[in-house]
Amino acid sequence: MSWLDENLTTLALCWRIERRDGVTIGLTAHDRDLLWDGLAHRAAPGMTPSAIMRGAGIDPASMDVTGALTSDAISEADLLAGRWDGARVALFACDWTDPARQVALGEGTIGAVETRDGMLTAELRGAMAALERAVVEETSAECRAELGDRRCRVAMAGRRRFATVTAIADCVLTLDAAEPFANGYAQGRLRWIGGANSGLEDTILHSEGMTLTLRRPPRFDAPGQVLLIEGCDKTLATCAGRFGNALNFRGEPYLPGIDLLTRYPGG
């Protein structure tokens with residue numbers, strides 16, 4: 001007989017959330033903390049999932065989790081900043097008197113996060129949601145590889161630099177660096193490794209001297225140490241002229257566009 005068939009069911013819902021940077025927390029809808037697998041699942045009684053449906057089909061499974069996001073470990077500011085985007089979530093029910101007795105209810109990753117009626121709600125996307133992605137790439141005039149990845153193959157040694165942000169004015173950052181920055185970091189990435197923004201990334205639009213211009217203002221107005229990663233505008237001219245890497249260019253700059261079908265003689 002299963003423990004769920006006993007006369008008195010001591011049931012508790014639990015969440016295990018693993019962030020992409022390795023931070024892991026546990027939460028439970030029970031009114032007391034539960035310890036399982038070396039992780040303390042902190043009591044968060046206001047945490048409730050939407051209806052959970054399990055089946056043998058291949059339709060993408062998803063559900064919403066509301067209330068768990070009010071935990072002190074998951075702040076609204078961090079969620080809206082994207083620190084928990086893509087975090088892996090495992091949901092299970094257990095016997096709170098013996099957490100080893102449990103039933104897996106589902107797992108997935110955190111998708112869209114929004115505010116509903118003054119409460120934060122996060123979408124939990126199941127593994128089948130990956131079937132919604134395109135199977136093959138679409139053609140494009142620009143390169144579809146990322147600078148330095150296994151398709152691009154440009155060596156990134158010497159194309160990364162550490163610096164310290166000393167001032168923030170909207171999208172413009174002032175850096176404390178030993179040498180000025182050229183605009184080679186345009187379209188590159190800025191990874192925060194210190195301060196309130198630690199763990200977050202931003203896209204660099206322009207770099208000149210001791211200043212950087214980001215695509216959007218940092219989520220938190222707090223200086224800190226950063227890692228700057230050189231970027232590429234993904235054009236064939238830049239790939240060939242700056243990197244000497246035209247052989248690995250992953251685009252079709254000379255492929256005729258759909259407008260070719262609409263041309264008329266002499267047009």
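In what order do the six strands of the closed barrel run? In this predicted model, the closed barrel follows the order 10-11-14-13-12-15, and its strands pair in the antiparallel sense. Neighbouring strands of this sheet are turned against each other by 45° on average, direction ignored.

Part of the barrel can be followed strand by strand. Strand 12, formed by residues 189-192, pairs with strand 13, formed by residues 201-208. Three bridges connect strand 12 and strand 13, and the pairing is antiparallel. Within this pairing, Arg-189 is placed opposite Thr-203 of strand 13, while Leu-190 is placed opposite Asp-202 of strand 13. Strand 13 is also joined to strand 14, which spans residues 211-214. Four bridges link strand 13 and strand 14, and these strands too run antiparallel. Here Ile-204 stands opposite Leu-214 in strand 14. Strand 13 and strand 14 together form a hairpin, with two residues lying between them. Gly-209, in the turn of this hairpin, has a positive phi of about 60°.

Enclosed spaces were examined next. Two cavities of 30 Å³ or more are present in the structure. The largest cavity holds about 110 Å³ of space. Its lining consists of 13 residues, and those closest to the centre of the cavity are Cys-143, Leu-147, Cys-152, Cys-232 and Cys-239. By class, nine residues of this lining are nonpolar, two are polar and two are charged.

Among the open pockets, the second largest contains about 250 Å³ of space. The second largest pocket is likewise lined by 13 residues. Nearest to the centre of this pocket lie Arg-20, Gly-82, Gly-199, Leu-200 and Glu-201. Glu-201 belongs to the residue range of strand 13. The lining of the second largest pocket comprises nine charged residues, two polar residues and two nonpolar residues. Nonpolar residues thus number nine in the lining of the largest cavity, whereas nine residues in the lining of the second largest pocket are charged.

Finally, contacts that involve aromatic rings were considered. Zero aromatic pairs were counted, where a pair requires ring centres within 6.5 Å of each other. A contact between a charge and a ring is nevertheless present: the charged end of Arg-19 sits over the ring of Trp-84. The distance from this charged end to the centre of the Trp-84 ring is 4.9 Å.

Conventions
Residues numbered from 1 in each chain as written. Predicted model: local features only at pLDDT ≥ 70, side-chain atom pairs only at ≥ 80, totals over all residues. Heavy atoms only, no water. Phe/Tyr/Trp six-rings, centres within 6.5 Å; stacked < 30°, edge-to-face > 60°. Lys NZ or Arg CZ within 6 Å of the ring centre and 35° of its normal. 1 Å grid on protein atoms, 1.4 Å probe; cavity = no way out; pocket = protein on both sides within 12 Å on 5 of 7 lines; lining within 4 Å. Points joined across faces, edges and corners; volume = space filled by probe spheres on them. Nonpolar A, V, L, I, M, F, W, Y, C, P; charged D, E, K, R; others polar. Pairing = 2+ DSSP bridges. Axes fitted to C-alpha atoms, helices over the stretch in contact; angles between N-to-C directions.
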